[in-house]
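Thank you all for coming. I would like to walk through one structure with you this morning, going from single residues to the whole chain, so please look at the picture as I talk.

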Amino acid sequence: MLTPDLGGRAGGAERRRNLALVLQRVHAGPATRSELTRVSGLNRSTVGALVADLVARGLVVEDEPAAGGQVGRPSPVVRAGERPVAIAINPEVDAITVAFVRLGGEVIAVDRTPLAAPPTVDEALDATAAAVRRLHARQPGHEPVGAGLAVPGVVSTADGVVRLAPHLRWRDVPLAQRFAEVLQVPVAAANDATLGARAEALFGAGRGVADLVYLNGGASGIGGGIVAGGMPLAGATGHAGEFGHTILTPAGAADTLGVRGTLEATVSRAALLRVLRLADRDADRLEAALAASTDPAVQLEVAQQVDVLATAIANAVTVLNPARVILGGFLSALAGVAGPRLEALVADRALPGIGELVEIRRSELGPSILLIGAAELAFGPVLADPATWPAR
């Protein structure tokens, strides 16, 4: 909700809404003033005043375009500002990754702290605080608007409480509050794959469609996010998209919750690394190793995992009817070596008339996807009401 007119520089509620409209458009990508005038329905002078206000706040900058031979004066290009950043945090079982992210989804600096074992909450706090100090030293002059946490688990987005993160062994932790106390900025938290879906919808392979499913495979298993009608689908308690714990082969192995035959118990990065005899967990190197291997054991493992993944995707396609399914993390590597077989299996197993129409794409944002998604949490309040961010 927009705050009432306080008589300040931003003016009344309508002006604040218009500031948000312009900033949200620039957040999606650079735009000329002419384009902002066209998409907003506002007149040129109003758009000019709004852009000037956002420039004064450091939220956007204007670049004069190079002359292109067109008649008349070229329209200035408005793009995201460079001073405000979001602190994006992704705690995992094998590392704490922290980044500075600008508006527009631009990751400008990353600090990764490898771990020998899943961290306690206190260890995650200490590692994050140290990483933020290092990022400030490397990238001076930036001012955090807040922090976002992409957590591999069940998170209450309303209060940032981690209800259950089984791989991290966290339960009922007021994570956003704890991190806010340490970082001294506003902090929000959400499920990592849900944030991945949001990032791909805004900046990646989900652009241009209103309905998509995102599946992410990471060190902590498989999670998912859903965008329906252009809006994130959260569910009654905010936990929609837990595809990793759906049961596909009831007689199969147990997952971390003790449930047998789930997607993440069968489709596993650890199993792929084990059969490849690899310790390196980088998704690109994993894909290269899978593609190069002629070992029958590796080929059998890939075939089995692709078969189960195809069934999971087909079920999601039948229930949700998305235009696209986007695969991230090690699932992207698996899709890369599966080739057209994965799409053929999904088309065969999903509801006729739906399965053959869905697009299966790999994530375009790569290893930055969860950081970009986490940054959206931090930028949310400023995008909703830029007048809350003071001019400098």
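Glutamine 184, at 64% relative accessibility, counts as exposed, because the cut-off for that word is over 50%. Please keep in mind that we are looking at a predicted model, and that what I say about this residue and the others is computed from that model. Glutamine 184 has its place in the loop between helix H5, which covers 175-183, and strand S11, which covers 187-191. Its backbone is worth a look as well, since glutamine 184 has a positive phi of about 60 degrees although it is not a glycine. For those who have not met this angle often, most residues other than glycine have a negative phi.

Arginine 169 can be discussed alongside it, for arginine 169 also has a positive phi, of about 65 degrees, and is not a glycine. You will find arginine 169 in the loop between strand S9 (161-165) and strand S10 (170-173). Is arginine 169 buried or exposed? With a relative accessible area of 65%, arginine 169 is exposed.

Let us turn to the loop between strand S14, at 231-232, and helix H7, at 263-266, where glycine 252 lies. Glycine 252 has a relative accessible area of 19% and is therefore buried, given that buried means under 20%. If we leave aside the neighbours within four places in sequence, glycine 252 is in contact with Arg260 and Gly261. Between the C-alpha atoms of glycine 252 and leucine 168, which are 84 residues apart along the chain, the separation is 23 Å.

Histidine 239 lies in the loop between S14 and H7, and at 27% relative accessibility it counts as partly exposed. Which residues does histidine 239 contact, leaving aside its neighbours within four places in sequence? They are Val154, Val155 and Ala234. Histidine 239 and asparagine 191 are 48 residues apart along the chain, and their C-alpha atoms are separated by 8.0 Å.

My last single residue is alanine 80, which lies in strand S3, residues 77-80, and which counts as buried at 15% relative accessibility. Beyond its neighbours within four places in sequence, alanine 80 is in contact with Val26, Leu59, Val60, Val61, Leu103 and Gly104. The C-alpha atoms of alanine 80 and asparagine 315, which are 235 residues apart along the chain, are separated by 39 Å.

Now we can step back to the whole chain. The protein chain has 13 helices and 16 strands, and it is divided into domain 1 (17-64 + 76-81), domain 2 (84-195 + 369-388) and domain 3 (207-363). The C-alpha centres of domain 1 and domain 3 lie 39 Å apart.

How does the radius of gyration of the protein chain compare with that of a compact globule? With 392 residues, such a globule would have a value near 21 Å, and the protein chain has 22 Å, which agrees. Along the principal axes, the C-alpha atoms fill a box of roughly 65 × 50 × 40 Å. Of the 392 residues, 51% count as buried, and the accessible surface comes to about 17200 Å², of which 55% belongs to carbon and sulfur atoms.

Finally, among contacts between residues at least 6 apart in sequence, 62% join residues at least 24 apart.

Key:
Residues are numbered from 1 along each chain as its sequence is written. This is a predicted model: local features need pLDDT of at least 70, side-chain atom pairs count only at pLDDT 80 or more; totals for chains, interfaces and linings use all residues. Side-chain values use heavy atoms; hydrogens and water are left out. Helices (H or I, at least four residues) and strands (E, at least two) are DSSP runs, numbered from the N terminus. The radius of gyration is taken over C-alpha atoms; the globule rule is 2.2 Å times the number of residues to the power 0.38. Buried means under 20% relative accessible area, exposed over 50%, partly exposed in between (1.4 Å probe, protein chains only). Contact means heavy atoms within 4.5 Å. Accessible areas come from the Shrake-Rupley method with a 1.4 Å probe; for residues, only the protein chains shown count as cover. Domain bounds come from an automatic or database domain assignment.
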